[in-house]
Amino acid sequence: AKSAGRNGFCFFDAQMNADTRERLSLELDLRQALVRGEFVLHYQPIVDIHNGRLLAAEALVRWQHPVLGMIAPDRFIRVAEQSGLIVEIGEWVLNEACRQMMLWQAAGLPRFVVSVNLSAVQFRRGNLEALIGSALSRFGLNPSCLELELTESILLQDSAAFIDMLYRLKTLGVKLSIDDFGTGYSNLAYLQRFRVDKLKIDQSFVRTLLGNTQDQAIVTAIIQMAKSLNLLTTAEGIEDDSIRRLLAELGCDQGQGYLFARPLPAQEFMAFAQRTQLP
Ligand code: C2E
Ligand code: CA
Ligand code: CA
Ligand code: CA
């Protein structure tokens, strides 16, 4: 059905109608997925780039759809952000990651950090600090075990309320890292201003590192800068050992990627952790 706008301009063309319908139906499905408990977290190991020792796990959300199977976050996070549903999904992610961390600690695994991804929308709405504080205390966790991954675009929100929130999160004792570093805006002043702990070097630089002298120059510069600011670096998307070795030579601290492990269901992650713990 077509409807004419106030000026007689027909803005609901067939394609837009189809896109809008698809988005609305996805939004509805996401709402139901929350209620029905269809989201799951997988955990990807982050290891010492020199010796492979387990240091941390990144929690990555998946949607276990009853008909379509496992759906990757790239297919629903954007709509979740646009609709504001990411606030509730993000709250579930935080609680679930903390609950899992508690179970791993209770099972006697050595302590490692668990990181969760935060969306800018979560900063604008809802009381993040209270949410994180209560998740940590509910599961009896030390705040330094939890790391929040922020993208550079989040740090562009230069409002007083936002800066205040970041300071309160740091005061709580959680760690902050900048995700996909190098792909965003290069206002580097925020690194110290927001007391960031770690830079995660984006996979787009890592994948092509061996053949591409420009990418090598960028990665070298990021690692040098991080060192002089006393920040840790994690390289993302490491798929082969020659790239791991080059990054280690350049002074990168931590690695994440298929070379070490894919994101794993909690049970498999535990097996990985026990395996890599052995001498
Ligand atoms: P990200 O935060 O940059 O996460 C890293 C992505 O790279 C993950 O994709 C991971 O599976 C993939 N990856 C890791 N190592 C390799 C590798 O060696 N090779 C290749 N080809 N890929 C690798 P995934 O799980 O599909 O997540 C995609 C994005 O969705 C994430 O990118 C993140 O931006 C977003 N996301 C995931 N979970 C959440 C969440 O709970 N909340 C929010 N707001 N965003 C999330
Ligand atoms: Ca991330
Ligand atoms: Ca990333
Ligand atoms: Ca990414």
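Q: Which element gives the most to the shell around ligand 1?
A: In this predicted model, strand E2 gives the most, with 4 residues. Strand E2 spans 54–65, and the other elements that give two or more residues are helix H3 (86–106) and strand E6 (175–181).

Q: What makes a residue part of the surroundings of ligand 1?
A: A heavy atom of the residue has to lie within 4 Å of the ligand. For ligand 1, 23 residues surround it, and the closest include Gln 44, Arg 62 and Tyr 258.

Q: How do the residues of the shell around ligand 1 divide into nonpolar, polar and charged?
A: There are 9 nonpolar, 6 polar and 8 charged residues in the shell around ligand 1.

Q: Why does the pair formed by Gln 203 and ligand 1 count as a polar contact?
A: A polar side-chain atom of Gln 203 lies 2.7 Å from an oxygen atom of ligand 1. The cut-off for a pair of N or O atoms is 3.5 Å, so the pair counts.

Q: What distances do Asn 117 and Asp 179 give?
A: For Asn 117, a polar side-chain atom is 3.1 Å from an oxygen atom of ligand 1. For Asp 179, a side-chain N or O atom is 3.0 Å from an oxygen atom of the ligand. Both values are within 3.5 Å, so both pairs are polar contacts.

Q: How much of the accessible area of ligand 1 does the protein cover?
A: On its own, ligand 1 has 810 Å² of accessible area, and the protein covers 84% of it. The space that ligand 1 takes is the largest pocket.

Q: What makes Glu 58, Asn 117, Glu 149 and Asp 179 donor residues of the calcium ion (ligand 2)?
A: Their oxygen atoms, OE for Glu 58 and Glu 149, OD1 for Asn 117 and OD for Asp 179, coordinate the ion at 2.2 to 2.3 Å. For Ca the cut-off is 3.2 Å, so these atoms are donors. The spacing of the donor residues in sequence is E-x58-N-x31-E-x29-D. Asn 117 in strand E4 (residues 113–117) and Glu 149 in strand E5 (residues 146–151) are 32 residues apart, and the pair links distant parts of the chain.

Q: Why does Asp 180 count as coordinating the calcium ion (ligand 4)?
A: Two OD entries of Asp 180 are listed at 3.0 to 3.1 Å. These values are within the 3.2 Å used for Ca, so Asp 180 counts. Asp 180 lies in strand E6.

Q: Which residues coordinate the calcium ion (ligand 3) together with another calcium ion?
A: Asp 180 coordinates ligand 3 and ligand 4, which are 3.9 Å apart. Asp 179 coordinates ligand 3 and ligand 2, which are 4.0 Å apart.

Terms used: Residues numbered from 1 in each chain as written. Chains lettered and ligands numbered in written order. Predicted model: local features only at pLDDT ≥ 70, side-chain atom pairs only at ≥ 80, totals over all residues. Heavy atoms only, no water. Polar contact = N/O pair within 3.5 Å; in protein donor to acceptor, adjacent residues only side chain to side chain. Areas by Shrake-Rupley, 256 points an atom, 1.4 Å probe, with all protein chains shown as cover. 1 Å grid on protein atoms, 1.4 Å probe; cavity = no way out; pocket = protein on both sides within 12 Å on 5 of 7 lines; lining within 4 Å. Sits in = over half its atoms within 2 Å of the grid points. Nonpolar A, V, L, I, M, F, W, Y, C, P; charged D, E, K, R; others polar. Donors = N, O, S within 2.8 Å, 3.2 Å for Na, K, Ca; no water.
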